[in-house]
Structure formats: C-alpha cells, structure tokens
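The exercises below are meant to be worked through with the sequence and the three-dimensional view open side by side. Each task is followed by a solution that proceeds step by step.

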Amino acid sequence: MANEQMRDYWASIGAEGWVRHKHIFDSELAPFAAAVLENVRPGPRDRLLDIGCGTGTLLHLAAESGASGQGVDISPAMIEAATSLVPSATFVVADAQTDPLGGPFSAMISRFGVMFFEDPVAAFANIRRAVEADGRLAFVCWRGLDENPMFSLGTSVLLDRIDPRPPGPVDGAPGPLGFADPDRIRSVLTGSGWADVSVEPFDAMCDYGRDGTDGVENRLTMILGTSAGSMASANVRPQIGEEAWAALLDDVRAELRANLVDGRVQFNGATWLVTARNPG
Ligand SMILES: C[S@@+](CC[C@H](N)C(=O)[O-])C[C@H]1O[C@@H](n2cnc3c(N)ncnc32)[C@H](O)[C@@H]1O
C-alpha cells in the first residue's frame, strides 16, 4: 500500500495533536490559509477540493463566501473532526495519490497537505483528473529547514536526547519539507500535466502569542503534539523518569525564551505559494 508510513503517522500521533490543538495550529497558520484562498477567490459557484484537509479549516473559511467543496484526508480522525466543523462540505478518508477523488471541482486548494506523497507526480495527476478544464490549483508548502527555524528550535533539545538521534524533517523527503525545492515542485506539476505553474515565496509570521501570552506554552504544546515530542515522550521519558522529564521540558522552554521576537514566540514561516491551471 502506498504512503504507509505517513498513513500510520497521520492516523495516530499526527491527528491526535492536530485535532486536540486545532485552535493553536489555526491561529499560528492563519496567514497561510488566507494566502491560499486569496488566490482562488472562492464564490458561491465554486466547488473546491481541499487535499490533506486536516480538520477542515480551508473549507470552513471558504464556506463564508458561499463556496462548497470536498475535503480529502488520509487520516480518519482528521476527517471526523472536519465533518463536525463544516457540515456544509463533504469529507472523505482517501489517499490523494491513489484513490479516485470524484469531481469535477473548480479548484484544488491545500494548506500544507501535499508534501507527504511517495509519488508526487502520480498524486498530482490524480488530483488533476478531479479538477475541471481550466480549473485552478493553489497551495502552500514549507521552504527548507534553513529558512524555517520552527522545525528545529526547541525540538532539537528533545531530539538530542534520543539515541540514536532521529534526523527530524529532511528537505525533499515525504514529510513537511518534501517540497522545499521549487524546481522539484515545477517538475512535479508539469510532469503531472498542470500548466501555468507559478512558485513564489510567501513569508508570514507564525505567531504563538496571538492569545496575549508569550507563546512559550503554546509552542511547547505543539512540539509535544508532533513527531519530535511524541518520540521523546515515548523513548526518553520512561528512561529518565518524571522529574528529569519536567527538567528537560524546562530546557525546551528556556531555548524558546532565549529566542523570543518582540516578547513572544514567533517564527518567520517561509513557504512557497504555488498556483497552476489544469489545461484539460
Ligand atoms: C500538516 S497537516 C495539514 C492539515 C490542514 N491542511 C491544515 O492546514 O490544517 C497535513 C495533512 O495531510 C494529510 N495527508 C498526508 N498524506 C496524505 C495523502 N496521501 N492523502 C491525503 N491526505 C494526506 C494528513 O493526514 C494531514 O491531515
């Protein structure tokens, strides 16, 4: 079966953290949702296809302008959460690389949901089949590790304690940084039949202090709810015991505090904003 590792991750740890802390993710990632929707400007006649829809945020926002649509996600827990958030949309558990996606839709959209495919050309050809002729595509994906301190600051304190040390996200590998290289994105999209491909940098602050705090606890919650934190919790915590674990989390807090921007945890989120057209 394709995408097995990602399927397992997003069925368990990935979805648990994301669903439980949806409010933090949505606050941190709000500018990127706005950037995607700005590029398709949905209206009442649009039927959108959200790939890797997670808890349904994009279709929830698009519904405000009268657009309808379908969210697709490989994770049953994500789809369950999305279904209760946006009753006006349809949500299906499916692998966007291999499963038929229905349609035709007027546009494909995604916020950080398309970097996980083992075979991205097959995935984007499959997605294109579900989009009408002249239909649009707009998504955001992360640029490289060197431009996104979010993926190492704080998390490295935990990864350093795991033996052997896991690498963390790697540019180009299926995972959050899978589309770090803009030439690869262009080649994947043209190779899967999309036209008028544009890959432009889009930067915005991922601000963990939008609730008025310094954001340290919000960011720590995110770290513990994603892969580095859960790996450390499973491997390191039982070995060192609760007291030393609490001290280790204080080290993570200290690293975050040492890097505050304007008094709170904020990272520049360096992404590619990608648009294209289905020539039919
Ligand atoms: C980083 S999350 C983003 C969620 C959502 N788009 C958001 O911004 O809130 C990535 C999502 O992609 C989904 N995903 C990963 N591989 C997939 C695949 N092959 N087919 C469909 N969804 C996939 C995951 O289950 C997860 O919900």
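**Exercise 1. Overall build**

Work out what share of the contacts between residues at least 6 apart in sequence joins residues at least 24 apart, and then describe the overall dimensions of the protein.

Solution. In this predicted model, 76% of the contacts between residues at least 6 apart in sequence join residues at least 24 apart. The next step is to list the secondary structure, which comes to 12 helices and 7 strands. The radius of gyration is 19 Å, close to the 19 Å that the globule rule gives for 280 residues, so the protein is as compact as a globular protein of that length. Along its principal axes the C-alpha trace spans about 60 × 40 × 35 Å, and buried residues make up 44% of the 280 residues.

**Exercise 2. Strand β4 and its partners**

Determine how strand β4 (residues 105–111) is placed with respect to burial, and identify how β1 and β5 are joined to β4.

Solution. Begin with burial, for which the cut-off is 20 or more other C-beta atoms within 10 Å. In β4, 7 of the 7 residues are buried, so the strand is largely enclosed by the rest of the structure. Next, consider the pairing: strand β1 (residues 47–51) runs parallel to β4 and is joined to it by 3 bridges, with M108 of β4 as the bridge partner of L49. Strand β5 (residues 131–142) also runs parallel to β4, through 6 bridges, and here the bridge partner of F105 is V131 in β5. Finally, follow the chain through helix α7 (residues 120–129), which together with β4 and β5 makes a right-handed β-α-β unit.

**Exercise 3. A residue within α7**

Decide whether N126 is buried or exposed, and find which residues it touches.

Solution. N126 lies in helix α7, and it has 21 other C-beta atoms within 10 Å, so it is buried. Leaving aside residues up to four places away in sequence, N126 touches A96, Q97, T98 and L101. The C-alpha atom of N126 is separated by 7.9 Å from that of D99, although these two residues are 27 apart along the chain.

**Exercise 4. The surroundings of the ligand**

Establish how many residues surround the ligand, and how they divide by chemical character.

Solution. The ligand is surrounded by 23 residues, of which the closest are W10, G52, G54, R111 and F116. The elements that give two or more residues to this shell are α1 (4–11) and β2 (68–73). Sorted by character, the shell divides into 12 nonpolar, 8 polar and 3 charged residues.

**Exercise 5. Backbone exceptions**

Locate the cis peptide bonds that precede P104 and P164, and examine the phi values of R41 and D196.

Solution. Most peptide bonds are trans, and most residues other than glycine have a negative phi. Against that background, a cis peptide bond with omega of about 5° joins G103 and P104, and P104 is in the loop between β3 (90–93) and β4. The bond from D163 to P164 is likewise cis, with omega near -5°, and P164 is in the loop between α8 and α9 (182–191). Turning to phi, R41 has a positive value of about 40° and is placed in the loop between α4 (30–40) and β1, whereas D196, with phi near 50°, is found in strand β6 (residues 195–207). R41 has 12 C-beta neighbours inside 10 Å and therefore counts as exposed; D196, with 12 such neighbours, also counts as exposed.

How values were computed
Residues are numbered from 1 along each chain as its sequence is written. This is a predicted model: local features need pLDDT of at least 70, side-chain atom pairs count only at pLDDT 80 or more; totals for chains, interfaces and linings use all residues. Helices (H or I, at least four residues) and strands (E, at least two) are DSSP runs, numbered from the N terminus. Two strands pair if DSSP finds at least two bridges between them. A crossover is right-handed if, with the strands pointing away from the viewer, the path from the first strand over the helix to the second runs clockwise. A residue is near a molecule or strand if its C-beta atom, placed from the backbone, lies within 6 Å of it. Ala, Val, Leu, Ile, Met, Phe, Trp, Tyr, Cys and Pro count as nonpolar, Asp, Glu, Lys and Arg as charged, and the others, Gly among them, as polar. The radius of gyration is taken over C-alpha atoms; the globule rule is 2.2 Å times the number of residues to the power 0.38. Two residues are in contact if their C-beta atoms, placed from the backbone, lie within 7 Å.
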